[in-house]
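Q: I have not seen this protein before. Could you take me through its structure in plain terms?

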Amino acid sequence: MNVFLAVLISRAETVVVCLKAMEGVYSQLVREHPATLLDVPRTARLGFPDVVFPDVVRNDIYIKLWSASFVPFTVNNGSVRGRKTLAAGNQGDVQISVEVRKADGTTVSDAIHAGGSGEPAMSTYHSLVFHHNDQPTYGEMLKVSLDRSMTDCHLFLSFRSRHRDRPASLDPHELEKPFAFAYLPLMATSTCITDGVHDLVLYKMEKNLHPSPKLYYNAPHASVDDPILPNDVGKSMTPLRDRVTLRSYLCSSMHTTDDTLRRLLLDRQELLADLSKLSETLQLFNFVGEEEIAKFVPATLDALFGFMVANLGDRQDEVDDAVFRALVKILSMTTDRRFPNFDAVLDIYIVEKFSFPASSFRLLRAMKSTMASPSTKDYRSFIKVWHLIFRFVIRARALDRAKGIGLDATSAHIEADFKRQTKSILHEIDTLMRSDDKALIGTQTLAVQHYADILPSLSQVFPALEIAETIISFADTLARAEGSIAIHKLFLLLQVVKSTFDTAEARALLVPAMIRWIRPHLANFDDRADATESQPLRDAKWIKHLECSRIAVTVS
């Protein structure tokens, strides 16, 4: 929040502005500083924070009325300066009036805020008038706030010449008749205005013409050198040489300017009816920007899981794999420094919003499919977020379990199958770690680095003793680990000590194994060194040996 202090002196040549930043919750700041903030308008930021929380609803379009170019209507020796196809319409100083209209032509009341904040809402905004300026630069900001139920609307701009020598008998509040109009579509059922610059073409306001969307929607709104109008429209509308330039920026948690994301969120039934188009859309999802996804995290996850639990027949596995890759892309945003609040939004979604119990086995199958190719980039991306995938799997299974009544034979069979498939995933990781393929060293390092992340989720499915056995099975594959993998292994053991030593049974099983794992790292370096190695290589190994010894002491 900013506090402005202006120093006004009769001969002052400058204005001093003092800024004071106040951090905290808005309502609390107002209570703590009522004299300063009580009557100060609250201004929404021009954009969103890093991630939009599920309860945030906003549907604003910022429009900057930037500039215009008007061709004077002059008569020289009886001839009008202009062209036959594009007429000139300006007859004086021009004022632009802006309204938001629906598809039926009615004006949306109180939809415009001048300057974006601080002014009461209005239905019609009137621009400044630049005297004797045929190419004015307005630079005026408007905020168009639309109701969440609004599905089809546009900006309607009317242009009128404001005369300084108006007869005194006329009502000063009565505006001159407009000589031209233009329009800019904002949003329809499945489309939305794109951010950027919009050069609009002006159309002459004929004497008896009452422009309606049914008429001008058939004419181009964007500026072209020589607009071509349909025959029925060309009889009623005449394009002018005048032009107006607007700039737009969408700030909405309900609409997106990305075509792929829009299809994913709004065209679910159409995509399910055409699986080829669905597969194409899921492939294109890899090119959607993370900044745009961050505005629609819950809605995007709902759409993806909706496709995963749909009954798509023979192509179900293909769609599941594509959905799984899209999920990995979204969950990878947790490690992106641009989105520090992503974890909080994801926690809210998993705990409060997620409602796809049938997705647990589909996710397990997609995980197994991805793990069949350990040398791929998809595998490495998956390993980095597999703890989050497990959170979804276990949450889905918990919801599915809650739907059952009692623990009959069928429920017990499903539960046993779920545990069997989960253990199969863990065995796949063990197999990866036993491989001697040097091309998999990077993947193996990631597996060790992120293995401890899944332990909290596994504790909701398996007893502590089984988790201890799983850890031992995995850590035993690292007996010959060296370098970075050895360091990550010791960090893993440190996390195990903090999270899995709760029960006596687990401790009895893990303590002997811990001694076996950390003993090699406490030995003297000379006992393990190779005398034939070069000195720089020995120094590098010595540094890693010191680091491993330090961590091993911490574990013990």
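Q: How exposed is D110, and where does it sit?
A: This is a predicted model. In it, D110 counts as partly exposed, because its relative accessibility is 48%, and buried would require under 20% while exposed would require over 50%. The residue lies in the loop between β4 (94-102) and β5 (112-114).

Q: What about the phi of D110?
A: D110 has a positive phi of about 55°, although it is not a glycine. As background, most residues other than glycine have a negative phi.

Q: And H132, where is that, and is it buried or exposed?
A: H132 lies in the loop between β6 (124-126) and β7. It counts as exposed, because its relative accessibility is 68% and the cut-off for exposed is over 50%. The phi of H132 is near 55°, a positive value in a residue other than glycine.

Q: Moving on to strands. Which strands pair with β11?
A: Strand β1, residues 59-69, pairs with β11 in the antiparallel sense over 10 bridges. Strand β10, residues 196-204, also pairs with β11 in the antiparallel sense, over 7 bridges.

Q: Which residues stand opposite each other there?
A: Between β1 and β11, N59 stands opposite S252, and L65 stands opposite L246. On the β10 side, the bridge partner of L200 in β11 is V244.

Q: Which other strand does β1 pair with?
A: β1 and strand β7, residues 137-145, pair in the antiparallel sense over 7 bridges. L65 takes part here as well, standing opposite E140 in β7. L65 in β1 therefore has a partner in β11, namely L246, and a partner in β7, namely E140, where pairing of two strands means at least two bridges between them.

Q: Are those strands mostly covered or mostly open?
A: Strand β11, residues 239-252, is mostly covered, with 11 of its 14 residues buried. β1 is mostly covered too, with 8 of its 11 residues buried. In a regular strand, side chains alternate between the two faces of the sheet.

Q: New topic: how much space lies in the largest pocket?
A: The largest pocket holds about 500 Å³ of space. Of the 18 residues that line the largest pocket, the closest to its centre are Q444, R480, A481, E482 and I485.

Q: Which helices supply the lining?
A: α14 (409-434), α15 (441-451) and α18 (483-499) each supply at least two residues of the lining of the largest pocket. The largest share, 3 residues, comes from α15.

Q: What kinds of residue make up that lining?
A: The lining residues divide into 7 charged, 6 nonpolar and 5 polar.

Q: Back to the whole protein. How many helices and strands are there?
A: The protein has 21 helices and 11 strands.

Q: How many residues are there, and what share of them is buried?
A: There are 556 residues, of which 43% count as buried.

Q: What surface does the protein expose?
A: It exposes about 29500 Å², and carbon and sulfur atoms supply 52% of that area.

Q: Last one: what share of the contacts joins residues 24 or more positions apart?
A: Among contacts in the protein with a separation of 6 or more, 72% are between residues 24 or more positions apart.

Key. Residues numbered from 1 in each chain as written. Predicted model: local features only at pLDDT ≥ 70, side-chain atom pairs only at ≥ 80, totals over all residues. Heavy atoms only, no water. Helix = DSSP H or I, 4+ residues; strand = E, 2+ residues; numbered from the N terminus. Buried < 20%, exposed > 50% of the residue type's maximum accessible area, 1.4 Å probe, protein only. Contact = heavy atoms within 4.5 Å. Areas by Shrake-Rupley, 256 points an atom, 1.4 Å probe, with all protein chains shown as cover. 1 Å grid on protein atoms, 1.4 Å probe; cavity = no way out; pocket = protein on both sides within 12 Å on 5 of 7 lines; lining within 4 Å. Points joined across faces, edges and corners; volume = space filled by probe spheres on them. Nonpolar A, V, L, I, M, F, W, Y, C, P; charged D, E, K, R; others polar.
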